[in-house]
Amino acid sequence: MSLQEQLAEIKAQALAAIEASDAEKSLNDVRVKFLGKKGEITSVLRGMKDLSAAERPQAGKLANEVRDAIQSQLDEKKAALATTVLNAKLAHETVDVTLPGSPVMQGQPHVIQQIIDQLIDLFVGMGYEVATGSEVEEEVYNFEKLNLPKDHPARDMQDTFYITPSILMRTQTSPMQARMMEQHDFSKGPLKMISPGKVYRRDTDDATHSHQFHQVEGIVIGEHITMADLKGTLKAVAQNLFGDSLDVRLRPSYFPFTEPSVEADITCFNCHGDGCNICKGTGWIEALGAGMVHPNVLKMSGVDPEVYGGFAFGLGPDRFAMLKYGVEDIRNFYLNDVRFLTQFNQKG
Ligand code: DAH
């Protein structure tokens, strides 16, 4: 067979093989077989040395043409195969946008956090700052600077988780009173602060006790702050959380850090004062502790009680949530049962 015939034969075989291959891999095999270093064209070219000098250029030209023809056919087929693969992939991944979607579970703030957020909105609106503080607190701030020296019997009211003798899990958010008074520059105006957060007590959990619950502390210290300001503030809280028409009454009580100390009751939101099972027939609901900040507490935080004074209060969002939603067991808030928690969807 002449060289020309051999080349024509190779070309025909190569084109047929390219036509027949249906994947990138087999196409590559074809390329190696015909155009590779040890491929058929190469071996034909090797035979050129036997040709006469006159024949060689023509044969060389033909060999190049055959090689180019195979190569361009290979490129074309490769592109065609890629398009086929892409089309198959697109067809496979088609999304039917008319199909109904699967619902996505959406989170929401915990019911206690919802109450806290509502209080934050109210107090920020009245010009208070929010200071959360730390759940791990120094004994000095949790007790000492709140007029609760060591061995004071009132410490028994708050069974405490101690980490070391001087570091503890805060039993109340009241330590932020002392911390904020120490930092405040009273020449720039009064201190108005609320401190929401978690607190801890060494209590045995039951329907009304949890070893971890929440408090929102509030304090206003300035000149000419009176108990009437306290009452008005607490009334704003009651009306914001439970309803516009509710009133507040103050009863004498005892807290070491306030003098006088009061317990604040709010009109029962359920019966509006007539008496029902929620308020145990009294028409009032015990809501929170409060009072006028004790001069000792002011002094220990470097505030002159002759010039400045004010009120403080501490309320329990857990208790408020129980009252508001008729939850009978505080432990429900901490079980993380979504069936319980999703009942309190803010968006209703
Ligand atoms: N920290 C108190 C408690 O846990 C609550 C409280 C009462 C806070 C009276 C106050 C206050 O600021 O004035 O029982």
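The domain assignment of this protein gives two stretches, domain 1 (3-92) and domain 2 (111-341). In this predicted model, the C-alpha centres of domain 1 and domain 2 lie 87 Å apart. A ligand is present too, and the largest pocket is where the ligand sits. The points below start with the ligand and then turn to two spots in the backbone worth finding on your screen.

**Where the ligand sits**
- If you look for the ligand, go to the largest pocket.
- Three elements give two or more residues each to the shell around the ligand: β6 (212-222), β9 (284-293) and β10 (309-315).

**Who surrounds the ligand**
- There are 16 residues around the ligand, and those that come nearest are Q172, S174, R201, Q215 and E217.
- By type, the shell around the ligand divides into nine polar residues, five nonpolar and two charged.

**Polar contacts and burial**
- R201, one of the residues that come nearest to the ligand, has an N or O atom in its side chain at 2.9 Å from an oxygen atom of the ligand.
- The side chain of Q177 also takes part, with an N or O atom 3.0 Å from a ligand oxygen.
- At F313 the partner belongs to the backbone: a polar backbone atom of F313 is 3.4 Å from an oxygen atom of the ligand.
- Taken alone, the ligand exposes 350 Å², and the protein buries 91% of that area.

**Two backbone spots to find**
- Some background helps here: most peptide bonds are trans, and most residues other than glycine have a negative phi.
- Between E259 and P260 the peptide bond is cis, and its omega is near -5°.
- You can find P260 in strand β8, which covers residues 258-267.
- H224 has a positive phi, near 60°, and H224 is a residue other than glycine.
- To locate H224, look in the loop between β6 and α8 (227-242).
- The strand before that loop, β6 (212-222), is one of the elements that give two or more residues to the shell around the ligand.

Terms used:
Residues numbered from 1 in each chain as written. Predicted model: local features only at pLDDT ≥ 70, side-chain atom pairs only at ≥ 80, totals over all residues. Heavy atoms only, no water. Near = heavy atom within 4 Å. Polar contact = N/O pair within 3.5 Å; in protein donor to acceptor, adjacent residues only side chain to side chain. Areas by Shrake-Rupley, 256 points an atom, 1.4 Å probe, with all protein chains shown as cover. 1 Å grid on protein atoms, 1.4 Å probe; cavity = no way out; pocket = protein on both sides within 12 Å on 5 of 7 lines; lining within 4 Å. Sits in = over half its atoms within 2 Å of the grid points. Helix = DSSP H or I, 4+ residues; strand = E, 2+ residues; numbered from the N terminus. Nonpolar A, V, L, I, M, F, W, Y, C, P; charged D, E, K, R; others polar. Domains from an automatic or database assignment.
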